[in-house]
Amino acid sequence: MVLLSFLNPFSEEAEQIVREKSSLEELFNKNKDLIDIIAHTNSQNISNDELIPHTLAELAVKRLEWFVRKKNDKKYDHNDYSFLMNPDMAIYDIISFYIAAQSIGIRFNPNSRESRVFIESQGQLVQERLEKLSTSLRKEVVAKLLNQLIPLDNISWTSLGELFGSRKINLTDLIIDQGEVILDKEDFIYRFSDKIIGRVPEKMYDILIGDQIKELIINRMIMQNTENYLLKVHEMASNIEAHPSLIVIADEISKMLKERTSIFSGSGDIQASKLVGEAFPPCIKNTIDGVSSGNRNDAIVLLLTSFISYARLYPSVFKNETNLKISDLDKGLKITNNEILPVIYEAAGRCTPPLFEDDPQEKLNITAKLGFGVHRVPDLNNEGESKWYTPMSCEKIKIHLPVLCKPDKDCKKISNPLSYYNRRKWIMNQSPDSKSPEEKDKSTKKED
Ligand code: SF4
């Protein structure tokens, strides 16, 4: 059933297809059969030649382009990418999955934007491809996929540990009984029917588990397997010389993401601008004033570093939901070095005892939280070794750093200090009298 491999590129059949039908020498050759399938895909837009991948290399890039455009482009038209949902494409789709995975794995870190977009795009493809199936076929396919991915009748919750660890799934998403994840309807009824009072057990199963939880597990396992595969390729790449075609494709993917995300990152209402201290929420002002040991390290490294960097470079991160790197917004790291790090380092110096005197290692952790790995200072060559952390939510701050959270009236309707900051800046811009002309100029000044 090639359809299963269209959904799960890690099936034995998919791996066999790649072994037998792919050749690194043909990645840039025009593929007539591929073009023919795409041109005959239902509802596919063929008005513009650029919409149609002519080679396997182009198809590998298109998979990611589809995802970033769908997520961010207001002009996105699903019919431009209908071919990605066409099971007749399965063989080429599987090959293009491995081309993209190997290119990205060889060239970029597992935490890089390229890796993250690829993993997320695979999850989204699986979900949308399942949604295209008829109800009965979808049920059959889900059962078979689950069997491929977890070939056991009784699923111990610990066997999904990797998914919990990477937060792809929460324990609260699942029904667990005596250490086993309950997915089967009969099993659910056998275990719980005498405990369910006033409700029909079958209906409770449909509400609590049904096919949605099975599909969630399938989706997240394929994403996790994709992540593991990228990591494996990345580790192997340090010992083996990469095929030049894969490097070219990796650069094409990176170029496309850079172009697409730079188009969309400026499309939100909230633009990057100079920091406006007056609009900082109480928790951030308290951190900048200096924190005493106990809360000090987390306040500077986890809370302040992510808040200041996003507030200065990418205040619309939660609105846009686009993965960006610092260098996408601050190419030469001038803003990072001259405006962001000084605020963080000065706040670290105001702590009691001063953070770096007491714990010099934390300077490396600050660099890591900005996405540049564990190094003394941010360097473009190290970008992607770690993740650029988004600001903590108010909920987490209240739990982990309660002494810093002293809510004021503007804290009422927000869930994150960055939302507070954007809202305060917006309010300040509405009432020009509330700040000085110098501040007005600061808050409206655009990116260099
Ligand atoms: S409610 Fe949120 S923004 Fe306000 S002080 Fe507390 S943590 Fe900060």
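Which residue forms a salt bridge with Asp-73? I looked this up before anything else, and it is Arg-69, with the closest N and O atoms 2.9 Å apart. My cut-off for a salt bridge is a side-chain nitrogen of Lys or Arg within 4 Å of a carboxyl oxygen of Asp or Glu.

Note to self on the ground rules: this is a predicted model, so local features need pLDDT of at least 70 and side-chain atom pairs count only at pLDDT 80 or more, while totals for chains, interfaces and linings use all residues. Residues are numbered from 1 along each chain as its sequence is written, and side-chain values use heavy atoms, with hydrogens and water left out.

**Salt bridges**

I checked burial for that pair (buried is under 20% relative accessible area, exposed over 50%, partly exposed in between, with a 1.4 Å probe and protein chains only). Asp-73 counts as buried because its relative accessible area is 15%, and Arg-69 is buried at 9%.

Glu-65 and Lys-62 also meet in a salt bridge, at 3.1 Å from N to O. They sit three residues apart in helix α4 (residues 56–72), so about one helical turn separates them. Both Glu-65 and Lys-62 are buried. For elements I use DSSP runs numbered from the N terminus: helices are H or I with at least four residues, strands are E with at least two.

Next I went to helix α9 (residues 185–192), where Asp-187 and Arg-191 lie four residues apart, about one turn. Their salt bridge has its closest N and O atoms 3.0 Å apart. Asp-187 is partly exposed, at 21%, whereas Arg-191 is buried, at 15%. Asp-177 and Glu-180 join these two in a network of salt bridges. For the whole structure I have 24 salt bridges down.

**Ligand shell**

I then listed what surrounds the ligand, taking residues with a heavy atom within 4 Å of it. Among them are Pro-281, Cys-283, Cys-394, Lys-398, Cys-411 and Pro-417. Two elements, α13 (282–288) and α20 (394–400), give two or more residues to this shell. The largest share, three residues, comes from α20. By class I get nine nonpolar, no polar and two charged. In that scheme Ala, Val, Leu, Ile, Met, Phe, Trp, Tyr, Cys and Pro are nonpolar, Asp, Glu, Lys and Arg are charged, and the others, Gly among them, are polar.

**Helix α5**

Last stop: α5 (residues 90–107) has 18 residues and reaches 26 Å from its first C-alpha to its last. That is close to the expected 26 Å, taken as 1.5 Å times one less than the number of residues. I found α5 mostly covered, with 15 of its 18 residues buried.
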